[in-house]
Amino acid sequence: MTGIASIRELMTRNIRQSGIYIAFVVIIALFTFITDGLLLNPNNLSNLVLQYSYILILAIGMVIVIIAGHIDLSVGSVVAVTGAISATIVIKNGLPWWMGVLAALAAGLVIGAWQGFWVAFVGIPAFIVTLAGMLLFRGLTLLILDNISLSPFGQPYTTIAAGFQNGLLGGPGYDVFTLVVFAIAVAAYAFSQWRARRGRIAYQQTVEAFPLFVLKIVVIGAVVMWFAYQLASSRGLPNVLILLAFLIVTYSLVTSRTVFGRHVYAIGGNLSAAQLSGVKVRWVNFFIFVNIGFLAAVAGVVFSSRSNAAQPAAGNMFELDAIAACFIGGAAVTGGVGKVTGAMVGGLIMAVMSNGMQLMGVDQSVQQVVKGLVLLLAVAFDVWNKRRAGAVSR
């Protein structure tokens, strides 16, 4: 018989994930109050999307790496070197912008294959391989750029990360196209949740009461449409948000609905059992690093597009922000646990904190201290949650 879950049961069923969302709401409310509502100003929300999109892109790849029980310290340097390659082609050689993008993406795939080879087939721990990669690709960036910045890219390259879709359907003081796109997204989300609920009922699994289900859809839809109206009242729909949404949906499906995704979780959860089950561990690990190399290249294109330049110091500390986003978003230190959506929420928590402290005029050094403490508390919460689950099981 199908069970009906109450609000309390839904909140405690996975305290790691529910705690993330509660913390996210509390942090937004806190910084909104402290900044007198400036945090949620339409222009600031639009800037928030532009400023932190590349960290969220990196977090998508990083969470898959962490689920498999690895870590990647090189993504910041890969962002820098792929941006440098793109700049050399577009700015130095005067070739079309799309050739720079394709070259950067190809370089990211090659870098991912290089690191995946050492991890998967040679057997060197990912920490060591990517630490070497961090130094190697930073050095290559300096060589390619000759230790100087290259700029400007010019349009249409800069519109990749700094452009907007605005005015396609008009609108009295706001962009109707942005509202329509978000409305379609909300409808698609509601339909997918309804289908998932029907599937759980068919397999006699516990589901929330129907009024709670409707309330969840209404609340999420209202928040999303409010966010859409804020963007529509500013500059419209950012191009980079379209790219980010596509990546989130794609990788959410990859991790939850494909054989590759299930194998990633199996490797991180219990490597020996995965090997005995016939999982091709080496090839899965190889493609995990090919994937994050590709996404780091996407982030490199986005960052260089927004900066309108390729810089020797580009991507500095990006890997730590991406790793922090994953752990704050509920990924387990030991692997086997994590979601793309959780990593996105973790990244948004970091983004809101950084943006809020900037609006408050907090010194950069203090911001780093706060971020470090938040990361430490997130991992401590994960450890506590595991001990709690172990005590209950005994």
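Begin by selecting G123, which sits in the loop between helix 5 and helix 6 of this predicted model. With a relative accessibility of 54%, G123 counts as exposed. Add R282 to the selection and look at the two C-alpha atoms: they are 9.0 Å apart in space, although G123 and R282 are separated by 159 residues in sequence.

Now move on to helix 6 and select residues 126-145, a run of 20 residues. From its first C-alpha to its last the helix reaches 28 Å, which is close to the 28 Å expected at 1.5 Å a residue. Next, colour A126, V129, T130, G133, F137, R138, T141 and L145, the residues of helix 6 that are buried. If you turn the view until you look down the axis of helix 6, these buried residues fall within an arc of 160°, so they line one face of the helix. An α-helix has 3.6 residues a turn, so residues three or four places apart point the same way. On the other side of helix 6 you can pick out L135 and L143, which are exposed.

What lies over the buried residues of helix 6? The cover includes helix 4 (75-92), helix 5 (97-122) and helix 13 (281-307), so it is worth showing these together with helix 6.

Stay with helix 6 and select R138, which belongs to this helix. R138 is buried, and yet it has no salt bridge. The nearest side chain of opposite charge is that of E319, at 5.6 Å, whereas a salt bridge needs a side-chain nitrogen and a carboxyl oxygen within 4 Å of each other. Leaving aside residues up to four places away in sequence, R138 touches G76, S77, A80, G133, P312, A313, A314, G315 and N316.

Follow the chain past the end of helix 6, where the next residue is D146. D146 lies in the loop between helix 6 and helix 7, and its phi is positive, about 55°, although D146 is not a glycine. With a relative accessible area of 57%, D146 is exposed. N147 is in the loop between helix 6 and helix 7 as well, and its phi, near 65°, is again a positive value in a residue other than glycine. At 52% relative accessibility, N147 also counts as exposed.

Farther along this loop, which peptide bonds are cis? One is the bond from S151 to P152, with omega near -5°, and another is the bond from Q155 to P156, with omega near 5°. Both P152 and P156 are found in the loop between helix 6 and helix 7, and helix 7 itself covers residues 159-162.

For the last stop, turn to the nonpolar interior. In soluble globular proteins, nonpolar side chains tend to be buried together. The largest nonpolar core here has 80 residues, and those touching the most other members are I57, L58, I60, M62, V63, I288 and C326. Select helix 3 (residues 42-67) to see the element that gives the most to this core, with 15 residues. Then centre the view on C326, which touches A59, M62, V63, I66, A331 and A343, not counting residues up to four places away in sequence. A second, separate core has 18 residues, and you can find it by selecting some of its members, including F24, Y52, A324 and M357.

Definitions and conventions:
Residues are numbered from 1 along each chain as its sequence is written. This is a predicted model: local features need pLDDT of at least 70, side-chain atom pairs count only at pLDDT 80 or more; totals for chains, interfaces and linings use all residues. Side-chain values use heavy atoms; hydrogens and water are left out. Helices (H or I, at least four residues) and strands (E, at least two) are DSSP runs, numbered from the N terminus. The expected span of a helix is 1.5 Å times one less than its number of residues. Buried means under 20% relative accessible area, exposed over 50%, partly exposed in between (1.4 Å probe, protein chains only). The arc is that of the directions from the helix axis to the C-beta atoms. Contact means heavy atoms within 4.5 Å. Lys and Arg count as positive and Asp and Glu as negative; His and the chain ends are not counted. A nonpolar core is a set of buried Ala, Val, Leu, Ile, Met, Phe, Trp, Tyr and Cys residues joined through side-chain atoms within 4.5 Å.
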